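Visitor: I am new to this structure. Please pick a single part and take me through it closely, step by step.

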Amino acid sequence: MSETIPHIWILRLHYTTAFRGAGEKAIVAAMAIEAHETRHWVRGFDCGYGGPFKALSLADYFQEAAGDHARVLGVGMEAMKAAGRTWMLSRLDIGIKGLPSAGDEVIVRTWPAGTSRLFAQRCLELRSADGLLLAGALYEYLVVDIEARRPLRPEKILDPGLKGD
């Protein structure tokens, strides 16, 4: 694993409190739905062939896992489109403790984390194969009515069982 953590990748500090130990346990304990997990082997192009794991690769891993889990929960892009709605990623807070290298196996975990005003929230983690937390994020999505081009209140549209708070 790379020992160098680019400071520019820490976009905001809200999620980084989870890296202090007790905060991580509190976030995991708040889950009402079992976390969705995917395993990946880090490829050379994820790291620029010899370079560090790229921010774009981290975002791709996170977004793919979020989309897969939403689909499993019945609120994926296809279901939303059929209802005349879409997800719009609006905010993201990412904290990075470490980065994998090409050839490493990683686990991406994600779960819905409730709502806050107009935002549906989702937690995401990148872990090493042995469970070490490498990166974490809080993504905030708007639910948008496609025809009206207006955001909708997620708690009025989403199943209350999807809330983790």
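Guide: What follows is a walk along one strand, its partners and the salt bridges of the model.

A word first: this is a predicted model. Our part is strand 5, which covers residues 133-145. Is strand 5 enclosed or open? Buried means under 20% relative accessible area. By that cut-off, 12 of the 13 residues of strand 5 are buried, so the strand is largely enclosed by the rest of the structure. One residue to look at is E140, which is buried at a relative accessible area of 9%.

Now take the partners of strand 5 in turn.

Start with strand 2, residues 85-96. Strand 2 and strand 5 pair in the antiparallel sense, over 11 bridges. Look for M88: L142 in strand 5 stands opposite M88. Side chains add a link here. R91 and E140 meet in a salt bridge, with 3.3 Å from N to O. R91 belongs to strand 2 and E140 to strand 5, so this pair ties together parts that lie 49 residues apart in sequence. The two ends of the salt bridge can be read by their accessibility. R91 has 29% relative accessibility, so R91 counts as partly exposed. E140, with its 9%, is buried.

Next comes strand 4, residues 119-128. Strand 4 and strand 5 run antiparallel and are joined by 9 bridges. Find C123 and move across to strand 5: its bridge partner there is L138. The hairpin of strand 4 and strand 5 has 4 residues between the strands. In this hairpin, G131 takes a positive phi near 95 degrees.

Then follow strand 5 on to strand 6, residues 150-152. These strands also run antiparallel, with 3 bridges between them. V144 has its bridge partner in strand 6, and that partner is P151. The hairpin of strand 5 and strand 6 has 4 residues between the strands. R149 takes a positive phi there, near 55 degrees.

One general point helps when you look at any of these strands. In a regular strand the side chains alternate between the two faces of the sheet.

Now step back to the salt bridges. How many does the structure hold? There are 8 salt bridges. The R91 and E140 pair, already met, is one such contact. Another joins E105 to R39, with the closest N and O atoms 3.2 Å apart. This pair links distant parts of the chain: E105 is in strand 3, R39 is in strand 1 (residues 36-41), and 66 residues separate them. E105 is partly exposed, with a relative accessible area of 23%. R39 is partly exposed too, at 49%.

E155 and R153 also meet in a salt bridge, at 2.8 Å from N to O. E155 has 33% relative accessibility and counts as partly exposed. R153 has a relative accessible area of 37%, and is partly exposed as well. There is also a network: salt bridges link E37, R109, E125 and R127.

One last stop is G114, in strand 3 (residues 105-116). Is G114 buried or exposed? Its relative accessible area is 7%, so G114 is buried. Look from G114 to P160: they are 46 residues apart along the chain, yet their C-alpha atoms are separated by 8.7 Å.

To return to strand 5: strand 2 pairs with it over 11 bridges, strand 4 is joined to it by 9, and strand 6 by 3.

Technical notes:
Residues numbered from 1 in each chain as written. Predicted model: local features only at pLDDT ≥ 70, side-chain atom pairs only at ≥ 80, totals over all residues. Heavy atoms only, no water. Helix = DSSP H or I, 4+ residues; strand = E, 2+ residues; numbered from the N terminus. Buried < 20%, exposed > 50% of the residue type's maximum accessible area, 1.4 Å probe, protein only. Salt bridge = Lys/Arg side-chain N within 4 Å of Asp/Glu carboxyl O. Pairing = 2+ DSSP bridges.
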